[in-house]
Amino acid sequence: MDDEHWMRKVLRLAEKGKGRTSPNPLVGAILVKNGNVVGEGYHARAGETHAEIIALQRAREQAKGATLYINLEPCTHYGKTPPCAPQVIEAGVKSVTIGMEDPNPLVKGKGIETLKKAGLNVHVGILERECRKLNEAFCKYITAKEPFVILKVAATLDGKIATREGDSKWISGQASRRFVHRLRDEVDGVLVGIGTVLRDDPLLTARIKGGRDPYRIVLDSRLKIPEEAKVVGDSPTKVIIVATELAPKDKIERLGKKGVRILILESEGGRIDLKSCLSKLGEIGMMSLMVEGGNQVNGSFLDEGLIDKLLLFLSPKLIGDPQAPGIFGGRGVSRLQEAIPLKEMKARRIGEDILLEGYLE
């Protein structure tokens, strides 16, 4: 069996940690000896044992002379756990096949160099593109100190996200809505504007069996949010409201007593600086953020070039009203040459809907 075969198995293992390892990466590891798996593991939760160490523990003495397959370079620094590269060497592993170099400046290339100096055969770059995609949020977070931003939109075929009266329940089908709940289980935070809260009063939770709720972030410059809003009443310690100096101090205090975190940012003409907002969320340790806003929030993120990935659920419906809100508000562009291109586009069916997925340049 070739290296790509084992690396695909490694990636499937790593995926088991989705939504649980932040701010750490998703990592899987397999030890192979004489064509057989002698140990395997994946990083299940931040602060817990790393994938390669679990694989070594399960392999025991059979690790000696084996090949380690791992999607991310083993670390050489102390974090919440000891460095992994020295333990790989100590176990007598013969060779290491690595999917990608770790983008973390504390690690980058050092683990690979440590293994090579110890005399191990090291191969790097097996299914590198797939490895990078799996950890796309970590790659951005660890270098930019900001969350990877996914814009999720449900729209009709004519590009409307609601009627002119604001009715948007439900544009997408049931299968798409279940899919979104699984996405919420995997990301660190879900963000909406105050308009969405006032109109829809959403919970923004991951309503799936065994699901984990993300942080709920509300952009609300003047702190208009009702104190009885569902998002405030449900697990308030996982709610972050981003406001400005225009927010009333007494309301800040009352919400704070409920356990809600209020981030006060400087405003630009009463508007929240989204770049500063992302930096603050990065400081909190938020690695991935899914924006589920209305067209004004969507347009603001687009105008400021802050969207990394687009998930567009297209429903086989038509609204047709020119006054019904489209996907994006904001400034947009005035010339087609300025249009924002998307790359790596994919399309697939989700129930009755079509999901378009792509990355912004």
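This is a short dialogue on how to read one predicted model.

Visitor: What should I know before I start?
Guide: The model is predicted: local features need pLDDT of at least 70, side-chain atom pairs count only at pLDDT 80 or more, and totals for chains, interfaces and linings use all residues. Residues are numbered from 1 along each chain as its sequence is written, and side-chain values use heavy atoms, with hydrogens and water left out.

Visitor: How do I read a sheet?
Guide: Strands of a sheet pair through backbone hydrogen bonds, either parallel or antiparallel. Helices (H or I, at least four residues) and strands (E, at least two) are DSSP runs, numbered from the N terminus. Two strands pair if DSSP finds at least two bridges between them. Here, one open sheet has 5 strands in the order β2-β1-β3-β4-β5, with mixed pairing.

Visitor: Which strands of that sheet stand at the edges?
Guide: β2 (36-42) and β5 (121-124) do. Each has a single partner strand, so one side of each is left without a neighbour in the sheet. On average, neighbouring strands are turned by 15° against each other, direction ignored. For such angles, axes are lines fitted to C-alpha atoms, for helices over the stretch in contact, and angles run from 0 to 180 degrees between N-to-C directions.

Visitor: What packs on this sheet?
Guide: Contact means heavy atoms within 4.5 Å. Helix α2 (residues 51-59) touches β1 (28-33), β2 and β3. Its direction makes about 140° with that of β2. Helix α4 (residues 110-117) lies across β4 and β5, at about 150° to β5.

Visitor: Can you show me one strand pair?
Guide: Take β3 (residues 67-72) and β4 (residues 95-100). They pair in the parallel sense over 5 bridges. Y69 stands opposite T97 in β4.

Visitor: How many residues of α2 are buried?
Guide: Buried means under 20% relative accessible area, exposed over 50%, and partly exposed in between (1.4 Å probe, protein chains only). In α2, 7 of its 9 residues are buried. Among them are I53, I54 and L56. The buried residues of α2 pack against β1, β2, β3 and α3 (85-90).

Visitor: What is the order of the 9 strands in the other open sheet?
Guide: The order is β10-β9-β8-β7-β13-β6-β14-β16-β15, and the pairing is mixed. The edge strands are β10 (261-265) and β15 (342-350), each pairing on one side only. Neighbouring strands here are turned by 20° against each other on average, direction ignored. Within the sheet, β7 (residues 189-193) and β13 (residues 288-291) pair in the parallel sense over 3 bridges. V190 stands opposite M290 in β13.

Visitor: Why is β9 largely enclosed by the rest of the structure?
Guide: In β9 (residues 239-244), 6 of the 6 residues are buried, so the rest of the structure largely encloses this strand. V239, I241 and A243 point one way, while I240, V242 and T244 point the other way. Strand β8 (residues 215-219) runs parallel to β9, joined by 4 bridges. I217 stands opposite I240. β9 also pairs with β10 in the parallel sense, over 5 bridges. There, I241 stands opposite I262.

Visitor: How do I check a buried charge?
Guide: Look for a partner. Lys and Arg count as positive and Asp and Glu as negative; His and the chain ends are not counted. A salt bridge is a side-chain nitrogen of Lys or Arg within 4 Å of a carboxyl oxygen of Asp or Glu. D353, in strand β16 (residues 353-360), is buried yet has no salt bridge. The nearest side chain of opposite charge, K317, is 5.4 Å away. Contacts of D353 include S172, L314 and R348.

Visitor: How many disulfides are there?
Guide: A disulfide is a pair of cysteine sulfur atoms within 2.5 Å. The count is 0. The sulfur of C131 is 9.8 Å from the closest cysteine sulfur, in C139, so they are too far for a bond. C131 is buried, with a relative accessible area of 1%. C139 is buried too, at 15%.

Visitor: What about unusual backbone angles?
Guide: Most residues other than glycine have a negative phi, and most peptide bonds are trans. The peptide bond from S22 to P23 is cis, with omega near 5°. P23 sits in the loop between α1 (3-14) and β1. The bond from K169 to W170 is also cis, with omega near -5°. L127 has a positive phi, near 55°, and at 9% relative accessibility counts as buried. D201 has a positive phi near 50°, but at 27% counts as partly exposed.

Key
Lists of a residue's contacts leave out its neighbours within four places in sequence.
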